[in-house]
Amino acid sequence: MGPTSRIVIGLVLGAALVVPVLVGIGWWWRSRGQGRRVRRVAVAVGVAVGVLASQVLAVAGAAAVVNRELGFYPTWDALVSAADDGDPLAGMGGGASSGETLNQAEIARIAKDGWAPHPVQPAAGNGTYRDYLVNGGKAKTKQKVIAWMPPGYEKNDKAKDLPVVLVLGGAYVTTDFAANGLHFGDEAAQLVRDRKVPPFVALFPEINIKLPNDTECVDYPGGPQAYSWLAHDVPTWAVKTLGVAPTGPKWSVIGWSLGGYCAAKLHVNNPREFGAGASIQGFYAPIPDGSTGALALDLARNPELRHTSDVAWMLQHRPPANTKLLVMSSQADPQSWPQTSTFLNATRGIPGIRPLLIDGQGHTLNSWRKTLPTVLPYLLGTS
């Protein structure tokens with residue numbers, strides 16, 4: 001029985017009800033033969049301890065229910081591994097815009113030098129993270145972008161003609177949280193040293209440009225232009241500022257959860273700009289809800305927006321000449337498996353789609369990190 005088992009959840013919640021009574025009885029039993037006052041104190045202490053234990057078990061039971069519904073840790077091994085690795089629950093980064101995570105000293109440094117050292121850095125010799133503040137002309141937004149410069153480029157202002165991987169986190173996962181939680185620089189630098197991938201630049205742009213609203217990587221008619229920010233503004237800035245390779249075969253995109261949808265959409269809708277994509281535990285069409293504003297109405301009213309937002313529809317009706325899309329999920333992940341299974345069935349027979357199905361993976365950044373040694377060589381053309 002795993003941590004998502006109904007029996008396990010039932011036992012934990014049942015214990016939350018029974019423990020206070022058992023502890024109280026136990027303390028009363030141990031105080032037999034003592035004076036009345038001592039027995040009263042013993043019973044009171046026993047009840048207090050029992051209530052505290054009950055509350056702890058109730059919280060654990062509630063967490064187990066959430067874990068079952070969202071599939072963070074489907075196995076005991078996943079739970080233990082997450083504790084050992086310091087994996088953040090669900091990979092959620094909070095609701096603050098990543099641009100707001102820059103302090104005044106960093107903003108002043110960016111104004112002076114064009115960028116500031118990211119507060120959390122990879123291990124020595126594993127490249128560097130830089131913080132930039134990017135004006136999106138088309139999306140009319142200003143957001144933070146983290147750039148990982150590979151080993152050998154720590155002091156270079158330019159990364160002439162290097163390939164680029166766009167790295168996109170999930171809903172409410174800030175750029176800081178994705179870069180830091182993935183340990184991306186450490187993982188990527190090892191692959192470069194092992195010559196499994198060439199030196200490349202990784203960019204971590206904000207995808208949630210209108211928090212607390214979830215813009216689902218869509219250009220809202222008359223509203224936030226979340227898609228244009230990723231498809232146009234960030235690449236234009238990177239080529240001009242960093243000197244990286246122009247958009248095309250040397251550009252690729254990887255994303256997790258909501259970012260997985262964005263990655264698939266960017267590659268399929270813009271194959272000339274993004275030569276490959278990888279959707280890690282993602283989905284393949286917008287999921288309007290209370291956080292997406294008028295998206296449901298916009299999609300219903302605008303067939304073109306609805307079609308271009310649906311990755312399966314685009315592959316069926318407007319397939320790229322050279323699709324190169326990796327699709328990763330796990331049957332243990334209730335957040336991504338239903339959408340992934342439907343997508344793979346809908347696109348069966350379309351060339352260029354590579355499934356990557358992994359047993360027992362929960363919906364966490366830790367699961368995403370474990371795919372990097374497979375996914376980065378795929379995106380960068382070495383596998």
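**Exercise 1. Surface and overall make-up**

How much area does the protein expose, and what share of it do carbon and sulfur atoms supply?

Solution. The model is predicted: local features need pLDDT of at least 70, side-chain atom pairs count only at pLDDT 80 or more, and totals for chains, interfaces and linings use all residues. Residues are numbered from 1 along each chain as its sequence is written, and side-chain values use heavy atoms, with hydrogens and water left out.

- Step 1. The exposed area is about 17,400 Å², computed by the Shrake-Rupley method with a 1.4 Å probe, where for residues only the protein chains shown count as cover.
- Step 2. Carbon and sulfur atoms supply 59% of this area.
- Step 3. Of the 383 residues, 49% are buried (under 20% relative accessible area; exposed is over 50%, partly exposed in between; 1.4 Å probe, protein chains only).
- Step 4. The secondary structure has 13 helices and 9 strands. These are DSSP runs numbered from the N terminus: helices are H or I with at least four residues, strands E with at least two.

**Exercise 2. The sheet**

State the strand order, then find the edges.

Solution.

- Step 1. An open sheet of 9 strands runs β1-β2-β3-β5-β4-β6-β7-β8-β9, with mixed pairing. Two strands pair if DSSP finds at least two bridges between them.
- Step 2. β1 (116-117) and β9 (353-357) each have a single partner strand, so one side of each lacks a neighbour in the sheet.
- Step 3. Take β5 next. β3 and β5 are antiparallel over 4 bridges, with Ala202 as the bridge partner of Trp148.
- Step 4. β4 and β5 run parallel, joined by 3 bridges. Here Leu166 stands opposite Leu203.
- Step 5. β6 and β7 pair in the parallel sense over 6 bridges. Ile254 stands opposite Ala278 in β7.

**Exercise 3. Cover on β5**

Which residues of β5 are buried on each side?

Solution.

- Step 1. In a regular strand, side chains alternate between the two faces of the sheet.
- Step 2. One side of β5 holds Val201, Leu203 and Pro205, the other Ala202 and Phe204, all buried. That is 5 of its 5 residues.
- Step 3. Helix α5 (residues 175-182) lies across β2 (128-136), β3 (141-149), β4 (164-168) and β5 (201-205), at about 15 degrees to β3. Axes are lines fitted to C-alpha atoms, for helices over the stretch in contact, and angles run from 0 to 180 degrees between N-to-C directions. Contact means heavy atoms within 4.5 Å.
- Step 4. Helix α7 (residues 226-242) also packs on the sheet, touching β2, β3, β4, β5, β6 and β7; its direction makes about 135 degrees with that of β5.

**Exercise 4. Aromatic pairs**

How many aromatic pairs does the whole structure hold?

Solution.

- Step 1. The search finds 10. Rings of Phe, Tyr and Trp (its six-membered ring) pair if their centres lie within 6.5 Å; planes under 30 degrees apart are stacked, over 60 edge-to-face, the rest tilted.
- Step 2. Trp251 and Phe274 are edge-to-face, at 6.1 Å centre to centre and 80 degrees between the planes. Trp251 is in strand β6 (residues 248-256) and Phe274 in strand β7 (residues 274-280), 23 residues apart.
- Step 3. Trp251 is buried at 0% relative accessibility. Phe274 is buried at 0% too.
- Step 4. Tyr261 and Phe283 are stacked, at 5.4 Å and 10 degrees. Tyr261 lies in helix α8 (residues 258-269) and Phe283 in the loop between β7 and α9 (295-301), so the pair ties together parts 22 residues apart in sequence.
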